[in-house]
Each structure stands twice: as C-alpha cells, then as structure tokens.
Amino acid sequence: MASLFGVAENLQEVKKTLPPTVTLVAVSKTKPNELLQEAYDAGQRDFGENYVQELVDKAASLPKDIRWHFIGHLQSNKVKYIAPFVYLIHGIDSFKLLQEVNKQAAKHNRVVNCLLQIYIAKEESKFGFSAQECLDMVQLPEFKNLNNVAICGVMGMASNTTNQAQLHSEFSELKQCFDALKVFVPQCSIISAGMSGDADIAIEHGSTMVRIGSSIFGKRNYQ
Ligand SMILES: *Cc1c(COP(=O)(O)O)cnc(C)c1O
C-alpha cells in the first residue's frame, strides 16, 4: 500500500544506497510533523533539525524515542533549550559554544554528544574550525575539564557545487582532519558528511553519518 506522503518509499530508496554501517539522519527542517511521523512509522529514529524553536516544538509532540540531531548553526544563548534532550549536536564551531553546551548539559546531569564542525567548503558562508584550530582546541588545558560533553567526531559541509573533483577533495580533507583528531581524542567515531546531492562521494571518503533531507521529504519551500 502506498504511504500517504511517499516518505516511506523515499526512505526505503535512500537506505538502499547506504552501506549498513552508515547512519541516516533524516533532515526534517521546515517539514510538518505528519511527514516526520510517517518516517518514524517506517522505522526511522534519527532526525535532524536546524532551528532551535522548531526542534523544541517537534520534540514535544513527536515520539519520545526519537534521537534528535541539531545540525544547524547554534547560538550560545539558545543551547539551554535543547540541552535537556538533544542526542547529538553536529555544529560545534567554537570553544565558547562547547563550554556553554557543557554548562547546560551539567544542569541536567547529562553528557551531550558533540561533533566539531570543520570548514571544508571553498565558500564564505560556511561555519566551522579549520583543521588546525580544531587540533589546537582539543589540546587546550581547559578542554579536559569539560565533563558534560562527549566529542564524538567531526561534521563537514562541502561546497554547493556539482564539481566532482572539488567535492572529493573537500570530503577527503574532512577525513584527514578526523584521522588527526582521533590521535588526541581516540573515542571519536563519527564523520557526519554528505547530503542529498553528495552523500555517495562523502561515503567514499569515510562518512559514517549522512544528513539527508530533500531526497526523503521533498524540496523545501522557504518563505
Ligand atoms: C538542510 C541540511 C541538510 C540536508 O540537505 P538536503 O540537500 O535536503 O539533503 C544536511 N545538512 C545540513 C547542515 C543542512 O542544513
């Protein structure tokens, strides 16, 4: 039987393209709860959102065993709203933000999983650390005092381009950064890389977690 919105079918198609070792985060930003529920009913448990208020609202009304991933740009003053329940924050892009996550997680007696966002795109608008900044940060003496965050790996967004060679080079840079980071933070195991348009290339370069939105939920309409 066909599903109401086609989400279950899309999900199945996307999963066919992923090796079993790669985690699929269904990126549901701007999409109504009905579509997320359909993905949930088809077995999906990892969902990614970009906006704090939207994430808080969705988490309140959807099933409690969903693992919520925050994949957008996170402002320090908004960490407190997601700290009680977020499963993985993908976009840690400063030491100050990491300290704030640690502080808010401590208030809830939690250890919040975090990825360090690495700047790999040849574009002005993307956030993140350079590989060197990332390695410098994890060697700061204060870094060792952060007991309420777990650094699980890296996240990267490639340039919005169809240039395959460039995508290969950017994702390969992310993999190198991950390997270097692992020397200092051995428990790192996640490379969050790849979206609807470039997941195959990201996986070739070691991605363990893809963030896919439009291939599952359809195109987004921004007003
Ligand atoms: C929106 C978004 C995605 C998903 O993009 P699609 O092209 O719809 O798959 C992945 N990662 C981040 C950080 C995003 O903001």
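A polar contact is taken here as a pair of N or O atoms within 3.5 Å. The model under discussion is predicted, and this report considers its two largest pockets and the ligand.

**Ligand contacts**

By that cut-off, Arg220 makes a polar contact with the ligand, because an N or O atom in the Arg220 side chain is 2.8 Å from an oxygen atom of the ligand. The ligand taken alone exposes 390 Å², and the protein buries 91% of that area. Side-chain atoms of Lys29 and Ser196 also approach ligand oxygen atoms, at 2.7 Å for Lys29 and at 2.5 Å for Ser196.

| Residue | Distance from a polar side-chain atom to a ligand oxygen atom |
|---|---|
| Ser196 | 2.5 Å |
| Lys29 | 2.7 Å |
| Arg220 | 2.8 Å |

The ligand is surrounded by 13 residues, and the closest comprise Lys29, Asn50, Ser196, Ser214 and Arg220. Sorted by class, this shell holds six nonpolar, four polar and three charged residues.

**The largest pocket**

The ligand sits in the largest pocket, which holds about 460 Å³ of space. Its lining consists of 21 residues, with Lys29, Asn50, Ile71, Met157 and Met195 lying nearest the centre. Lys29 and Asn50 thus appear both among the residues nearest the pocket centre and among those closest to the ligand. In the lining of this pocket, nine residues are nonpolar, eight are polar and four are charged.

**The second largest pocket**

The second largest pocket contains about 260 Å³ of space. Of the 15 residues that line it, Ser159, Asn160, Thr161, Gly197 and Asp198 lie nearest its centre. Two helices, α7 (164-184) and α8 (199-204), each contribute at least two residues to this lining. The class composition of the lining is five nonpolar, seven polar and three charged residues.

Notes:
Residues numbered from 1 in each chain as written. Predicted model: local features only at pLDDT ≥ 70, side-chain atom pairs only at ≥ 80, totals over all residues. Heavy atoms only, no water. 1 Å grid on protein atoms, 1.4 Å probe; cavity = no way out; pocket = protein on both sides within 12 Å on 5 of 7 lines; lining within 4 Å. Points joined across faces, edges and corners; volume = space filled by probe spheres on them. Nonpolar A, V, L, I, M, F, W, Y, C, P; charged D, E, K, R; others polar. Helix = DSSP H or I, 4+ residues; strand = E, 2+ residues; numbered from the N terminus. Near = heavy atom within 4 Å. Polar contact = N/O pair within 3.5 Å; in protein donor to acceptor, adjacent residues only side chain to side chain. Areas by Shrake-Rupley, 256 points an atom, 1.4 Å probe, with all protein chains shown as cover. Sits in = over half its atoms within 2 Å of the grid points.
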